[in-house]
Each structure stands twice: as C-alpha cells, then as structure tokens.
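Me: I'd like to learn how to read aromatic pairs in a protein model. Could you walk me through it?

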Amino acid sequence: MFLWALSWISSFFLIIFCVFCLAAGIYQLAELVEEYTVISKKVIFGLFWVATAGLIGAYLFEGFPTSVFFLGVTSHVCYFIILGTFPYISMTSPAFIGAIVLLLAHHYFLLGHFEAVWYPFSEILAYVIICLWSVPFALFISLSANDNVLPTTSPMSPTPTAAGGSTHGGKSSNKRQGIVKSLMDTMLSLIRNDRKHF
C-alpha cells in the first residue's frame with residue numbers, strides 16, 4: 001500500500017517535471033524562431049510539404065475518407081496563405097481563423113475515422129504528429145516572431161515612432177515582447193510571487 005501511494009506521488013512529480021521541460025523547450029524554440037526567421041520559414045515550408053505528402057499518401061494508400069482528406073488539404077491551403085506573410089501572422093485574418101476551424105474539424109472527422117477503422121497506435125500517432133500537428137505547432141511557435149522582426153515595407157509590419165518604439169494600432173511601446181515570452185514571463189512571475197509568500 002505504501003509503494004502504491006509513493007508511485008502516485010512520484011508520477012505527479014514526473015508529470016510536473018515533463019510539463020516544465022516541455023515549456024522550456026517551447027520557449028527555446030520560440031527564441032530560435034525569433035532569431036532565425038528566414039531559416040524558420042524554410043523549415044515550416046518543408047514541414048508543410050511533408051505533411052501534404054502524408055495527407056495524399058494516407059488518402060491514396062490507406063483509404064482515408066474523402067472528408068478527412070478534403071479537410072486536411074483545405075487546412076493546408078490556409079497554412080500556405082499564412083506562410084505567404086511569414087513572419088507577420090495576423091491572428092484575425094480569415095486564413096488564420098479558417099485554419100483553426102479546419103484543424104478542429106479535421107480532428108473531429110479523423111477521430112470518427114479512427115473509431116470506425118482500427119489502426120495500431122503507432123500509425124495513428126504518426127499521422128497525427130506529421131500530417132495534423134506539425135505545421136500548426138510550428139506556426140504557433142512562430143507567433144512571437146512577428147513582434148521582434150525589424151520594420152520593413154510589409155503592410156502588416158509595425159511602423160516605427162520617433163521615440164524608437166513601434167506603433168501597433170495606435171498604441172506605442174518601447175519594449176515589445178513575443179506571445180510565448182510574455183506567457184513564460186507571467187508563469188515565472190507567478191512562481192516567484194508564490195515563493196515570496198512562503
């Protein structure tokens with residue numbers, strides 16, 4: 001009985017450790033994407049073509065339903081449109097919103113297919129990671145790259161102000177932070193505040 005309880009406690013600590021490792025890895029990837037946007041775009045385009053080839057292969061050789069194939073290809077068209085303005089990704093653009101809706105619909109129909117037709121877990125995991133999650137995950141990591149790129153002539157780029165900051169929708173800021181950075185800083189400040197109370 002004691003070892004059973006101890007195993008649950010150790011499992012809890014293992015899960016916490018894995019979550020922090022994952023968060024640190026995502027933070028590091030976001031830093032790399034912000035630093036090397038041109039290389040990141042090439043890597044994401046490579047993931048895009050691999051995932052598209054995986055969708056076509058699953059449709060042709062594994063007999064995936066047309067609805068799953070159509071949703072996958074349509075969502076990849078949205079990703080392609082988003083990559084056209086990379087690293088400037090607007091979360092209010094029709095392509096971005098459409099990509100999220102299509103990703104959720106793709107999950108729904110794919111789960112229905114996997115419920116009806118049995119596949120080994122490794123094959124399900126391979127399809128989901130390569131064809132379904134790779135490009136959206138890379139785009140999610142890249143969301144913060146938009147904030148730290150030097151101003152250019154892109155219509156979506158921030159316009160410089162006289163004070164050296166940038167203007168986004170009329171609001172001026174001297175120091176910009178990416179989405180992932182601000183989330184991580186918020187988590188770290190919460191942890192620090194909790195430590196001060198003890």
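**Reading the aromatic pairs**

Reply: Happy to! A search of the whole structure, which is a predicted model, finds 14 aromatic pairs.

Me: What describes a pair of aromatic rings?

Reply: A pair of rings is described by how far apart the centres are and by the angle of the planes. Take Phe 12 and Phe 13: their ring centres are 5.7 Å apart and the planes meet at 65°, so this pair is edge-to-face. Both Phe 12 and Phe 13 are exposed.

Me: And how do the rings of Phe 48 and Phe 80 pair?

Reply: Here the centres are 5.6 Å apart and the planes are at 35°, so the pair is tilted. Angles under 30 degrees would count as stacked and those over 60 as edge-to-face.

Me: Where in the chain do Phe 48 and Phe 80 sit?

Reply: Phe 48 is in helix 2 (residues 37–61) and Phe 80 is in helix 3 (residues 66–84). With their positions 32 residues apart, the pair links distant parts of the chain.

Me: Is Phe 48 buried or exposed?

Reply: Phe 48 has 5% relative accessibility, so it counts as buried. Its partner Phe 80 has a relative accessible area of 41%, which means it is partly exposed.

Me: Which residues form one aromatic cluster with Phe 48 and Phe 80?

Reply: Phe 45 and Trp 49 join them in one cluster.

Me: What about the loop between helix 2 and helix 3?

Reply: Glu 62 is placed in that loop. At 45% relative accessibility, Glu 62 is partly exposed. Leaving aside residues up to four places away in sequence, Glu 62 touches Gly 57 and Tyr 119.

Notes. Residues numbered from 1 in each chain as written. Predicted model: local features only at pLDDT ≥ 70, side-chain atom pairs only at ≥ 80, totals over all residues. Heavy atoms only, no water. Phe/Tyr/Trp six-rings, centres within 6.5 Å; stacked < 30°, edge-to-face > 60°. Buried < 20%, exposed > 50% of the residue type's maximum accessible area, 1.4 Å probe, protein only. Helix = DSSP H or I, 4+ residues; strand = E, 2+ residues; numbered from the N terminus. Contact = heavy atoms within 4.5 Å.
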